[in-house]
Amino acid sequence: MKWPPQGRSQVQLGNEEKDIDSSDLSKGRFGSLLLSMPPGRILISQAKLRARVRELGVTISRHYRRHLPPGEKPLFLGVMNGALFFFTDLLRAVDLDDVEISTLRVSSYAGTQSAGTLRGLKALGDSFNGRHVLIVDDILDTGLTLSALVTRLKELGAADVKTCILLEKRRKHDVPIKPDWLGFKIEDEFVVGYGLDLDGKYRALKQIRVLKTPDQ
Ligand code: 5GP
Ligand code: MG
């Protein structure tokens, strides 16, 4: 993003979203706050994320209370790093007697078409045998990551594999897959924040933001 930013931009002040203009900057009206102004426009605010995650927590808790065999506890598996915030917020929103928590890291090689070339999957041991696993991930784009992970967990003997994904892009996934629980459907745009990064940047933003494309 250009500095200073040109035209109008959105910032969040407390719980309020404000539209500010680059001319406000030169007048110093927002002071040092704008020195750390995040990029792009807010797609999903912190309040909306919170509310939706709370709903998902209620729905998922109800599901596992009804469907788990007696004596079983579910294994919630967060896909790092993207699902970092979503996973921990969801865990706080879930109300179950006992949940086992684990994380893993997978990343698809850039440009690959094959579900067989995901890193991180081989390292999964046999701790999934007979388990009821909930995969929690940030975003469904091509579908490659999620479908490879579901397939692998089933190969490793998981009794049940469900998926809870924060965002799903409105596009035809290369691998057909539908999350069991979804936070939000979004347009096919590149988003950052709330765990999602661009080359390691913007992960810590509190909202989901759309980065401006070069032609905007
Ligand atoms: P898929 O395997 O479904 O194509 O993509 C999954 C992974 O690609 C996500 O977990 C995420 O790490 C990355 N990804 C896909 N779309 C976006 C996006 O719009 N923004 C960011 N920051 N990462 C994305
Ligand atoms: Mg991911």
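**Entry 1: the sheet.** I began with strand order and found an open sheet of 5 strands, arranged S5-S4-S8-S9-S10 with parallel pairing. I then looked up its edges: strand S5 (100-105) and strand S10 (181-186) each pair on one side only. I also checked the twist, and neighbouring strands of this sheet are turned by 20° against each other on average, direction ignored. A reminder to myself: this is a predicted model.

**Entry 2: S9 beside S10.** How many bridges join S9 to S10? I counted 5 bridges between strand S9 (residues 160-169) and S10, and the two run parallel. For one specific pair, I picked Cys164 and found that its bridge partner in S10 is Trp181.

**Entry 3: helices on the sheet.** Next I asked what packs against these strands. Helix H2 (residues 46-67) packs on the sheet and touches S9 and S10. I noted the angle too: the direction of H2 makes about 150° with that of S10. Helix H4 (residues 144-155) also packs on the sheet, where it touches strand S8 (132-140) and S9. For H4, I wrote down about 170° between its direction and that of S8. So that I remember it, S9 is touched by H2 and by H4.

**Entry 4: the whole chain.** Stepping back, I tallied 4 helices and 12 strands in the protein chain. What share of the 216 residues is buried? I got 28% for the protein chain. Last, I looked at contacts with a separation of 6 or more: residues 24 or more positions apart account for 66% of them.

Key: Residues are numbered from 1 along each chain as its sequence is written. Chains are lettered from A and ligands numbered from 1 in the order in which they are written. This is a predicted model: local features need pLDDT of at least 70, side-chain atom pairs count only at pLDDT 80 or more; totals for chains, interfaces and linings use all residues. Two strands pair if DSSP finds at least two bridges between them. Axes are lines fitted to C-alpha atoms, for helices over the stretch in contact, and angles run from 0 to 180 degrees between N-to-C directions. Two residues are in contact if their C-beta atoms, placed from the backbone, lie within 7 Å. A residue is buried if 20 or more other C-beta atoms lie within 10 Å of its own, exposed if 12 or fewer, and partly exposed in between; C-beta atoms are placed from the backbone.
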